[in-house]
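Let's take a walk through this model, going from charged pairs to a helix and then to the empty spaces. Keep the viewer open as you read.

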Amino acid sequence: MISRQLLARIAWALPWLVRYPLWRAREIVRREVETRHPCHLIYVVANHFEPSWEKNGIQVGYERQLSRLDNWCKQARAIGKAVWDCDGTPFRHTYFYPAEQYYPPLLERLSELQAEGLGEIEVHLHHGAERPDSAANLRRTLASFRDVLAEKHRCLSRWEGVGPPMYAFVHGNWALANSGGGRFCGVDSEMQILAETGCYADLTLPSAPDRSQVPRINAIYQCGRPLTERSPHSSGPDLRVGHAPLLPVLLSGPLILYWKRGSRGLPVPGVENGSLAANYPLDLERLRRWRSARVCVRGRPEWVFIKLTCHGFPSSNQGQMIGEPMRRFLEDVVELGEQTVQFRVHFATAREAFNIAMAAVDGHGGEPGRYRDHRLRLIMHEGCGSLGTEGEPVA
């Protein structure tokens with residue numbers, strides 16, 4: 001007998017499952033008519049970074065968090081030295097740090113990792129868990145944490161190096177713009193508040209099999225409905241060459257249906273959502289599925305964005321995120337690209353991926369690594385020079 005929980009999950013998945021065949025059919029057509037030249041795979045790891053995480057829901061103490069972070073930084077430096085992309089950029093994560101868990105010594109150590117070029121820090125937030133949050137409180141929380149990151153830790157970025165700080169965002173518990181049925185948020189106008197406080201991109205999606213998963217999948221797109229409404233990102237147009245988008249944009253990761261072998265050897269359906277975890281080992285078949293999502297800016301199909309998701313803790317998952325299994329996998333991917341000449345690998349942060357997408361919108365092509373600083377420039381690099389849109393130093 002089917003449980004109520006399973007029935008609920010099926011009901012939550014219907015909006016995107018119903019549209020999936022149409023999306024797949026369109027992708028098959030696009031694959032036949034668009035360029036067959038070698039592509040560029042732009043890897044982004046959106047790390048929901050929570051050193052205080054514990055299975056029972058009770059946060060661990062600060063000393064334990066610092067110890068965890070030191071161990072993480074050791075692994076990040078090791079894999080960064082071992083694996084480089086075709087631009088000479090080390091593998092790294094984007095660290096979405098939870099605003100409600102702010103602890104200065106942790107951010108100080110994490111910002112040191114950013115200064116070494118081994119990741120960048122952005123904004124993460126859990127809210128509305130015990131009771132619905134308010135728009136006013138959400139605005140205060142986001143603006144305050146944004147300013148602390150920029151002013152105290154010199155994280156985040158500015159548009160072409162000037163103006164207020166801007167940030168990328170992931171929503172704790174996935175419930176972006178109150179898309180979780182009223183739980184874990186409570187603010188219908190969240191997307192409007194994100195826009196007004198400087199959010200340039202949201203990297204929460206996909207959230208399947210959670211009920212917050214919207215029908216729009218496998219795309220870089222902008223909200224299709226007013227930002228003051230609940231779940232305005234449920235629909236919306238793709239980013240396209242020559243069409244400036246309304247910020248924040250949505251950079252979603254792969255959401256692919258596939259068949260896998262069940263416990264009795266029979267094929268059962270599986271869902272690929274780009275999650276990095278111990279129970280979902282890395283292999284080249286997963287790479288094939290990620291590529292098949294073909295997340296790109298329309299008009300620049302050879303730049304394929306692969307946005308993966310992980311939670312920095314618990315430690316049992318870290319091998320698949322930043323340890324030896326990830327190192328071996330990345331080396332295999334880079335080697336496969338070199339041997340087959342089918343693709344080139346680029347490791348990017350959320351900011352760099354957004355800049356590359358905006359370079360595509362602005363009509364640029366060729367090597368995407370040239371556009372890592374196309375629009376947004378790191379605050380941490382202010383005053384010491386950075387790279388312009390053509391890869392040349394600027395003051």
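A salt bridge here is a side-chain nitrogen of Lys or Arg within 4 Å of a carboxyl oxygen of Asp or Glu. Keep in mind that this is a predicted model. With that cut-off in hand, look at Glu352 and Arg372: their closest N and O atoms are 3.2 Å apart, and they form a salt bridge. Glu352 sits in helix H9 and Arg372 in the loop between H9 and E13, so this pair ties together parts that are 20 residues apart in sequence. Are these two buried or exposed? Residues under 20% relative accessible area count as buried. Glu352 comes in at 6%, so it is buried, and Arg372, at 8%, counts as buried too.

Stay with that helix and loop for a moment. Asp373 forms a salt bridge with Arg351, and here the closest N and O atoms are 2.7 Å apart. Asp373 belongs to the loop between H9 and strand E13 (376-378), while Arg351 is in helix H9, so this salt bridge ties together parts that are 22 residues apart in sequence. Both Asp373 and Arg351 are buried.

Which residues do salt bridges with shared partners join into one network? They are Asp85, Asp87, Arg92, Glu120, Arg351, Glu352, Arg372 and Asp373. Both pairs you have just visited are in there.

Over the whole structure there are 31 salt bridges. Another one to pull up joins the side chains of Glu272 and Arg286, at 2.7 Å from N to O. Glu272 is in strand E10 (residues 267-272) and Arg286 in helix H6 (residues 284-292), so the pair links parts that are 14 residues apart in sequence. Glu272 and Arg286 are both buried.

Now for a helix. H3 covers residues 104-115, which makes 12 residues, and it reaches 16 Å from its first C-alpha to its last, close to the 16 Å expected at 1.5 Å a residue. Its buried residues are Leu106, Leu107, Leu110, Ser111, Leu113 and Gln114. These cover an arc of only 150° around the axis, which puts them on the same side of H3.

On to the empty space. Rolling a probe the size of a water molecule over the atoms shows where such space is left. The count comes to one cavity of 30 Å³ or more, and the largest cavity holds about 30 Å³ of space. Its lining is made up of Ala201, Ile220, Val249, Leu251, Ala350, Phe354 and Ala357. Strand E8 (249-251) and helix H9 (350-361) are the elements that give two or more residues to this lining, and H9 gives the most, with three. By class, the cavity lining has seven nonpolar residues, with no polar and no charged ones.

The largest pocket has a volume of about 1,100 Å³. Of the 36 residues that line this pocket, His48, Trp53, Asn173, Trp174 and His311 are the closest to its centre. Strand E9 (256-261), E10 and strand E11 (303-311) each supply at least two residues of the lining, with the largest share, three residues, coming from E11. What is the mix of nonpolar, polar and charged residues in the pocket lining? It has 13 nonpolar, 17 polar and six charged residues.

Terms used. Residues are numbered from 1 along each chain as its sequence is written. This is a predicted model: local features need pLDDT of at least 70, side-chain atom pairs count only at pLDDT 80 or more; totals for chains, interfaces and linings use all residues. Side-chain values use heavy atoms; hydrogens and water are left out. On a 1 Å grid over the protein atoms alone, a cavity is a set of points where a 1.4 Å probe fits but cannot get out, and a pocket is an open set with protein on both sides within 12 Å along at least five of seven lines; lining residues have an atom within 4 Å of a point. Grid points are joined across faces, edges and corners, and a volume is the space filled by probe spheres set on the points. Helices (H or I, at least four residues) and strands (E, at least two) are DSSP runs, numbered from the N terminus. Ala, Val, Leu, Ile, Met, Phe, Trp, Tyr, Cys and Pro count as nonpolar, Asp, Glu, Lys and Arg as charged, and the others, Gly among them, as polar. Buried means under 20% relative accessible area, exposed over 50%, partly exposed in between (1.4 Å probe, protein chains only). The expected span of a helix is 1.5 Å times one less than its number of residues. The arc is that of the directions from the helix axis to the C-beta atoms.
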